[in-house]
Amino acid sequence: MKCEAQDWLGGVALLLAAQTVVAMVIPNATQLEDLLGKYMDKNESWWKSKPRGKRAISESDMHLILDLHNKLRGQVYPQASNMEYMVWDTELERSAENWAYTCRWEHGPAHLLTQIGQNLGAHWGRDRPPTFHVQAWYDEVQHFSYPYPQECNPHCPYRCSGPVCTHYTQLVWATSNRIGCAINVCYNMNVWGMIWAKAVYLVCNYSPPGNWWGHAPYKHGAPCSACPPSYGGGCRNNLCYQDNAVDRQYVPEPEETNYIEPEAPRSQEPRPRAQSPNPLPSENVERNEVVSTQQMSQQVSCDTKLRDQCKGTTCNRYECPPGCLYSSGKVFGTEFYDMQSSICGAGLHTGVIDNDGGWLDITRQGRKQHFEESYRNGQNIPFFLSDHLFLSVFLPVKAVTCETTVAQFCPFRKPVRHCPRLYCPRNCFHSSYARVIGSRYYSDKSSICRAAIHAGVIQSDSGGYLDVMPVERRKQYNGSYQNGITSESLQNPTRGKAFRVFAVI
């Protein structure tokens, strides 16, 4: 039986403990190129998918992770009498690789969690080697009180004075003598409701698993004095070591195969539609499949001015590229910005985005007589007389259920306001029978997530992110059969508004 869940958010780190263990770091806003250069071709775009390599971790990172584990395991205090030397396991590496490519900030897969231990780490921004996360896991030792034998009667107490200690205890679990890790670059990764545009995701799997309830992580005593008989009395750096053992490390491969495959982008071409809008129950629910890649957010350059994107209309959601801190785009204002300002420059100045780029929402305001000069986040803003101004704000993200409707969550109102970016769970096709009314334009009484499946914005088996735009009521809604969902028609609705759903790519 494993340790119970503990959650913590504070300071400069986020730590999560579930059946196994995990850690992560909130980033500072700098470049990732140095770290990711080992995994991706610098001449290619960051988001361009490339052929899958044979390994999801470089040889150098594999050795760094393994060597640091053994170093830390050999220096525990009080000393361990049965701490086993850890070796690399290619099967654990493969299982870690498979999970890293899901880009899901949770433990898994579920069917393996009873057979392995697992540590997770994620960061974006500052260049951090994978050993940064390993050391962070071990540093929880400052909060852990080792249970001596006289305290175990018969079960050992678990004492942790900090937020969580199970990352440390898994790392130093004496019998966990095999490890395999993988690294992946995940785009738009959801980390506890925050969207990380380009996250570096580390997954380490251990076998046999540790963190068993009622047990100490290791036996206290002279190093190597209680090693299992299979080690034949061998000892290396305070660790039980089999002198004639061969480490199960993989044979180095050419470096060009040691890169990370990004998440594959959605196809830009719609898939063929079937002809029958009214399928029989026995027909394949995947018939009439469509995919929508239309986005509500607009991709802009570093120098794009709001007046060029927002003439006489409600302002929108924008995606800024990396590197805008050093662009020539001008910014006028503080908190509120003039329409001649660079969209991305204003986002940098107010701290909504950093130099890695990202999404922001823009809302038009009234007039302001002047702006005061200020310097923030590398942006110097001069005094300027204003005609119109806008406000740059963070893009919030909210998780919804399969049954959530726009009428409940974010109904259309004047003046028009932004809805948060939404995250739909998996399996809304099978787990919910909430109504979907319309095609392309949906009644706000419709399920948001099922409408998104119907529109081809997300897939039921994976769920995902989407943007919602509430709009005025339509005179009629036309039903159709798409992606296994039959939407309803509605003529001359007397109340309620409408909405559209858009992809997040």
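In the predicted model, S432 lies in the loop between the helix α9 (428–431) and the strand β24 (438–439), where helices (H or I, at least four residues) and strands (E, at least two) are DSSP runs numbered from the N terminus. S432 is buried, with a relative accessible area of 2%, buried meaning under 20% relative accessible area, exposed over 50% and partly exposed in between (1.4 Å probe, protein chains only). Leaving aside neighbours within four places in sequence, S432 is in contact (heavy atoms within 4.5 Å) with C402, E403 and R450. The C-alpha atoms of S432 and C402 are separated by 6.3 Å, although the two residues stand 30 residues apart along the chain.

The largest nonpolar core, a set of buried Ala, Val, Leu, Ile, Met, Phe, Trp, Tyr and Cys residues joined through side-chain atoms within 4.5 Å, has 33 residues, and those with the most contacts inside it are I65, I179 and Y218. At least two residues of this core come from each of α2 (59–74), β4 (87–88), α4 (131–138), α5 (166–171), β8 (178–191) and β9 (194–207), and α2 gives the most, with 5 residues. Apart from this core lies another, of 25 residues, among them C402, V436, I448 and C449.

Over the protein chain, 10 helices and 31 strands are found, and 52% of the 505 residues count as buried.

Residues are numbered from 1 along each chain as its sequence is written, and side-chain values use heavy atoms, with hydrogens and water left out. As this is a predicted model, local features need pLDDT of at least 70 and side-chain atom pairs count only at pLDDT 80 or more, whereas totals for chains, interfaces and linings use all residues.
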